[in-house]
Amino acid sequence: MGRVEDILAVLDNMYPAAHCELNHTNSLELLIAVMLSAQSTDASVNRLTTGLFTKYRTLQDYLDVPLDVLEQDLRAIGLYKNKAANIKKTCQMLKTLYGGEVPASQDALESLPGVGRKTANVVLSVWFDVPRIAVDTHVERVSKRLKLATWKDAPRQVEDKLMRKIPKNKWSKTHHQMIFFGRYHCTARRPKCEECPLQGPCRYPNIHPRSR
DNA sequence: ATCCCGAGGG
DNA sequence: CCCTCTGGAT
């Protein structure tokens with residue numbers, strides 16, 4: 001069995017039910033939750049959206065509210081001023097350009113302020129079931145440690161290499177498994193290397209010989 | 001390359 | 001205290 005196949009098998013075994021952990025009940029809520037997740041934990045986002053999605057139920061609710069009020073409603077999360085402005089502008093564009101719906105196209109999504117490639121990929125994959133691999137901080141770190149990419153690769157290059165190495169029908173599942181692995185096991189700061197079933201393919205011990 | 005930017009963990 | 005969190009725009 002090849003190296004990549006081994007890694008996928010281990011991830012399947014560790015996280016058979018990996019999934020999107022951002023709470024949402026429709027495409028607008030998912031889009032906003034992903035926008036809010038920039039440089040924030042999903043736990044923080046969910047804590048915030050519990051109340052937010054109760055207060056803001058429709059697209060129009062975001063359009064009607066004054067910017068400074070929305071800012072205060074997002075205050076508990078990082079980058080809240082940027083996020084408030086982007087959400088308001090994005091909702092305006094959804095209304096005027098996309099019939100009040102979240103578009104299912106990569107270009108349309110990325111044209112929205114505050115929505116880049118990573119956010120677009122998550123929405124496409126999670127909501128529209130389009131095969132994509134969103135490269136966030138976890139996926140990037142895990143990919144580099146497991147030698148699925150090199151240390152110098154930018155997120156876009158990591159994405160290309162993953163798409164080449166992973167069967168397309170597994171992109172979405174593997175994406176979430178890498179998130180879980182990065183979030184709960186192969187953490188940025190003190191990865192649990194001693195109890196890791198992926199020590200074989202990992203380069204981390206060679207780069208940080210005695211760290212833990 | 002830098003800025004935005006709060007909360008939680010170690 | 002310092003680091004990290006499903007980034008994006010300039």
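In this predicted model, helix α10 spans residues 155–165, and its buried residues are V158, E159 and L162. These residues cover an arc of only 100° around the axis, which puts them on the same side of α10. The partners of that side can be named: the buried residues of α10 pack against α8, α9 and α11.

One of the buried residues carries a charge that is paired. The side chain of E159 meets that of R117 in a salt bridge, with a distance of 2.8 Å from N to O. This pair links distant parts of the chain, since R117 belongs to helix α8 and E159 to helix α10, 42 residues apart. The two partners differ in their exposure. E159 is buried, with a relative accessible area of 3%, whereas R117 counts as partly exposed at 26% relative accessibility. The cut-off for burial is under 20% relative accessible area, so the value of 3% places E159 among the buried residues.

A second salt bridge in α10 stays within the helix. The side chains of D160 and R156 meet at 3.5 Å, N to O. Both residues lie in helix α10 and are 4 residues apart, which is about one turn of the helix. D160 counts as partly exposed at 25% relative accessibility, and R156 likewise counts as partly exposed, at 42%.

The helices against which α10 packs also lead to the nucleic acid. Helices α8 (117–126), α9 (137–145) and α11 (171–184) each supply at least two residues of the surface near DNA strand C. Thus α8, α9 and α11 pack against the buried residues of α10 and also contribute to the surface near DNA strand C.

How many residues surround DNA strand C, and which are the closest? There are 28 such residues, and the closest are D42, T119, H138, R141 and R183. Of the atoms of DNA strand C that come within 4 Å of the protein, sugar and phosphate account for 66%. By class, the surface near this strand has 9 nonpolar, 11 polar and 8 charged residues.

Individual contacts with phosphate oxygens of DNA strand C involve both backbone and side-chain atoms. A backbone N or O atom of G114 lies 3.0 Å from a phosphate oxygen of the strand, and for a backbone N or O atom of G116 the corresponding distance is 2.8 Å. From the side chains, a polar atom of R141 lies 2.6 Å from a phosphate oxygen of DNA strand C.

Two of the residues closest to DNA strand C, D42 and R183, also take part in a network of salt bridges that links them with E21. A search of the whole structure finds 7 salt bridges.

A further salt bridge joins two other helices. K55 pairs with D73, and the closest N and O atoms are 2.8 Å apart. K55 lies in helix α3 (residues 42–55) and D73 in helix α5 (residues 67–73), so the pair ties together parts that are 18 residues apart in sequence. K55 is partly exposed, with a relative accessible area of 46%, and D73 is also partly exposed, with a relative accessible area of 25%.

How values were computed: Residues numbered from 1 in each chain as written. Chains lettered and ligands numbered in written order. Predicted model: local features only at pLDDT ≥ 70, side-chain atom pairs only at ≥ 80, totals over all residues. Heavy atoms only, no water. Near = heavy atom within 4 Å. Polar contact = N/O pair within 3.5 Å; in protein donor to acceptor, adjacent residues only side chain to side chain. Nonpolar A, V, L, I, M, F, W, Y, C, P; charged D, E, K, R; others polar. Buried < 20%, exposed > 50% of the residue type's maximum accessible area, 1.4 Å probe, protein only. Arc of directions from axis to C-beta. Contact = heavy atoms within 4.5 Å. Salt bridge = Lys/Arg side-chain N within 4 Å of Asp/Glu carboxyl O.
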